[in-house]
Amino acid sequence: MTKPKRDAKDAALFAVQKLREAGHAAVFAGGCVRDMLLGKEPKDYDVATDATPDQVKRLFPRARKVGAQFGVMLLRKYGHDVEVATFRTDGDYADGRHPERVEFRSREEDARRRDFTINGMFYDPIAEQVIDDVGGQEDLKNRIVRTIGPPEERFAEDHLRMLRAVRFAARLGFSIESRTLAAIKRHAHRLPAISAERVYMEFQQIMTDPSRVVAWLLLLETRLRAYLCPDWPADERADAMAGKRLKALPPSHIDESLALAALLPVGATKLASAICHSLRVSNRLREAVVWLTASLGKIQADRITEPADLKMLMAHEEWRNLLDLLRADETALQRGSDRYDALVTRADAVPPDQIAPPPLLNGEDLLGMGIPEGPELGRILRAVYRAQLNQAIRTRNEASALVRELR
Ligand code: ATP
Ligand code: MG
C-alpha cells in the first residue's frame, strides 16, 4: 500500500504540532478557517503563533523570512508552503498603506488587526475547535462582509481593504454590511493613495474570477470604479457595456488579458495602452490587451477581409480570447452573432499548417538581395509574408520576384 499523499493541511498541521510541542500557542488563521467553515477547499493554510520569528527559526532552521518586518516565516513541508506568522498588531498607519511598525501581541489583538470578521477567526486543528473573538461565525452564517471594528477607521488605515471587501463579497456571494458599505462609498476617493501595483493585484483577482459581474456592479455602486486608475475615466454608458460584456464571457475563470479587454472600449488602443501603463501591468499583458482591443475593433469594422488578416489573428496566442471577446461583444450589442459565426466558419476552413507557415524569405534573404537594413526591409518582409499567407506566391522564386517588384 502506498502512503497517502500529504496535502497543504497536513503541512500546516505539522507546523502547529511542532510549535505546540515546544510550548507555544499555534493555530490556523484567517482565510483557511473561513473556507473550511464554508466547506470550501482553502487556497493555503496560514499558521499564527505566539512564538517570535527567531523562535520559529530555531524550530524550523530552514524556514525563510518573508515580510520580516511583519514577523512572517515561510516553511516548506511535504512540498507545500506554510506561512507561520507571529501574533501581532499593526501599530499606526501613517499613510493609509503600510503600518509604521508591528508589535508582537496576543492572539486576541492579532484577530482585531485583521480586515473582516469572516477573515478574523482561528482554528485549533488538534482540539478541532474554532476560536472566534470577532463574531466571524455569525457573519459567515448570515453571509455578511463586515469590518472588524469601526469601518471608517479600518478603511482609513488601509484603503486596499475596500477592494478586498468587494472581492470577498463577490466571490463568496455575500452582502457587504450596511455601515461597511457606506464607509467604502465615503472613502472610495482615497484609493489612488495606494500603489498601483497593490490595486492591480487585487483588481486582477476580482475581474478574472467567475464572480466578476457581481464584483463590477459593486465597484460601480461603491464608486471605487472611478478611482481604479487616473487614465480610465468613469463613463456610465461605457461601464454599462463593459458589464454586459463581462456577463457574456464564459462563466469560468478567465485570463487577465480577456478581462481587461472586455472592460475597455472597443478599438480604443491608445486608451487601452495608457490604462495598462498606469495600472502597472507587465508589457506582455499590455500588448495582449492592446492586441485584443485593436483586433476586436477591426472585426467589428469588417476589416478582416483577406486570408492573411484572418491567419494573422489565428496565429496570435490570444486568438481564443479574441473569439470569446467577440462573442461577448456581440451579445452585449444585442445584435446576434453574425460576425462571430462568420469568423469561426472562415477559421475552420484554414488548414492548420497554413495558419503560420514558415516564411518563404527572411530578413537574411533580403539583405542578400541587397536591401539595406531599415524600415524599408521590414515593410517588404511583411508585404511578402502577407502575399504568402494570401497564397498569391507559393515558392521562393515567386517571393524573390515580388521583392524586386516592391523595391
Ligand atoms: P484568499 O483565499 O483570497 O487568499 P485570504 O483571506 O487568505 O483569502 P489573504 O490576502 O491571503 O486573504 O490574507 C490572509 C489573511 O490576512 C486574511 O484572511 C486577513 O485575516 C489578513 N489580511 C490580509 N490582508 C489584510 C489587510 N489589508 N488588512 C487586514 N488584514 C488583512
Ligand atoms: Mg490567502
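1. Ala29 stands opposite Asp46 in E2. This model is predicted, and the pairing of Ala29 is a convenient place to start reading it. Ala29 also has a bridge partner in E8, namely Phe122. The residue therefore appears in two pairings below, once with E2 and once with E8.

2. Strand E1 covers residues 26-29. How do E1 and E2 pair, in the parallel or the antiparallel sense? They pair in the antiparallel sense, over four bridges. Besides the pair formed by Ala29 and Asp46, Phe28 stands opposite Val47 in E2. To strand E8, residues 122-124, E1 is joined by two bridges, and these two strands run antiparallel as well.

3. Strand E2 spans 46-49. E2 pairs with E5 in the parallel sense, again over four bridges. One place to look for this pairing is Thr49, which stands opposite Thr86 in E5. A reader following E2 thus meets an antiparallel partner in E1 and a parallel partner in E5.

4. Strand E5 (80-86) has a further partner in E4 (72-77). Six bridges join E4 to E5, and the two strands run antiparallel. Leu75 stands opposite Val82 within this pairing. E4 and E5 form a hairpin with two residues between them. In the turn, Tyr78 has a positive phi of about 50°.

5. Which strand other than E5 does E4 pair with? E4 pairs with strand E3, residues 64-66, in the antiparallel sense and over three bridges. Val66 can be found opposite Val72 in E4.

6. The largest pocket holds about 1600 Å³ of space. It is lined by 48 residues, and those closest to its centre are Asp46, Glu83, Asp115, Arg164 and Arg167. Two or more lining residues come from each of helix H2 (31-37), strand E2, strand E4, strand E5, helix H7 (160-172) and helix H9 (196-208). H7 provides the largest share, six residues. Asp46, already met opposite Ala29, is one of the residues closest to the centre of this pocket.

7. How many residues in the lining of the largest pocket are nonpolar, polar and charged? There are 17 nonpolar, eight polar and 23 charged residues. Where the pocket lies follows from its lining: domain 1 (1-137) and domain 2 (143-228) both give residues to it, so the largest pocket lies between them.

8. Ligand 1 has 14 residues around it, of which Arg34, Asn119, Arg161, Arg167 and Arg171 come nearest. Arg167 is thus on this list and also among the residues closest to the centre of the largest pocket.

9. Three contacts of ligand 1 can be checked by distance. A nitrogen atom of the ligand is 2.7 Å from an N or O atom in the side chain of Arg161. An oxygen atom of the ligand lies 2.9 Å from a polar side-chain atom of Arg164. With Gly31 the protein partner is a polar backbone atom, which is 3.2 Å from an oxygen atom of the ligand.

10. The second largest pocket has about 240 Å³ of space. Its lining consists of 15 residues, and Ser257, Arg284, Leu285, Ala288 and Glu318 lie nearest its centre. Helix H12 (256-263) and helix H14 (283-300) are the elements that give two or more residues to this lining. H14 gives the most, with five residues. By class, the lining has five nonpolar, three polar and seven charged residues.

11. How many cavities of 30 Å³ or more does the structure hold? It holds one. The space in the largest cavity is about 30 Å³. The residues lining it are Tyr200, Phe203, Gln204, Met207, Thr208, Glu256, Ala259 and Leu260. H9 and H12 each supply at least two of them, and the largest share, five residues, comes from H9.

12. The lining of the largest cavity has five nonpolar, two polar and one charged residues. Why does this cavity lie between domain 2 and domain 3? Domain 2 (143-228) and domain 3 (233-355) both give residues to its lining, so the cavity lies between them. The two helices named for the cavity have been met before: H9 also lines the largest pocket, and H12 also lines the second largest pocket.

Key
Residues are numbered from 1 along each chain as its sequence is written. Chains are lettered from A and ligands numbered from 1 in the order in which they are written. This is a predicted model: local features need pLDDT of at least 70, side-chain atom pairs count only at pLDDT 80 or more; totals for chains, interfaces and linings use all residues. Side-chain values use heavy atoms; hydrogens and water are left out. On a 1 Å grid over the protein atoms alone, a cavity is a set of points where a 1.4 Å probe fits but cannot get out, and a pocket is an open set with protein on both sides within 12 Å along at least five of seven lines; lining residues have an atom within 4 Å of a point. Grid points are joined across faces, edges and corners, and a volume is the space filled by probe spheres set on the points. Ala, Val, Leu, Ile, Met, Phe, Trp, Tyr, Cys and Pro count as nonpolar, Asp, Glu, Lys and Arg as charged, and the others, Gly among them, as polar. Domain bounds come from an automatic or database domain assignment. A residue is near a molecule or strand if one of its heavy atoms lies within 4 Å of it. A polar contact is a pair of N or O atoms within 3.5 Å; within protein, one must be able to donate a hydrogen and the other to accept it, and residues adjacent in sequence count only if both atoms are side-chain atoms.
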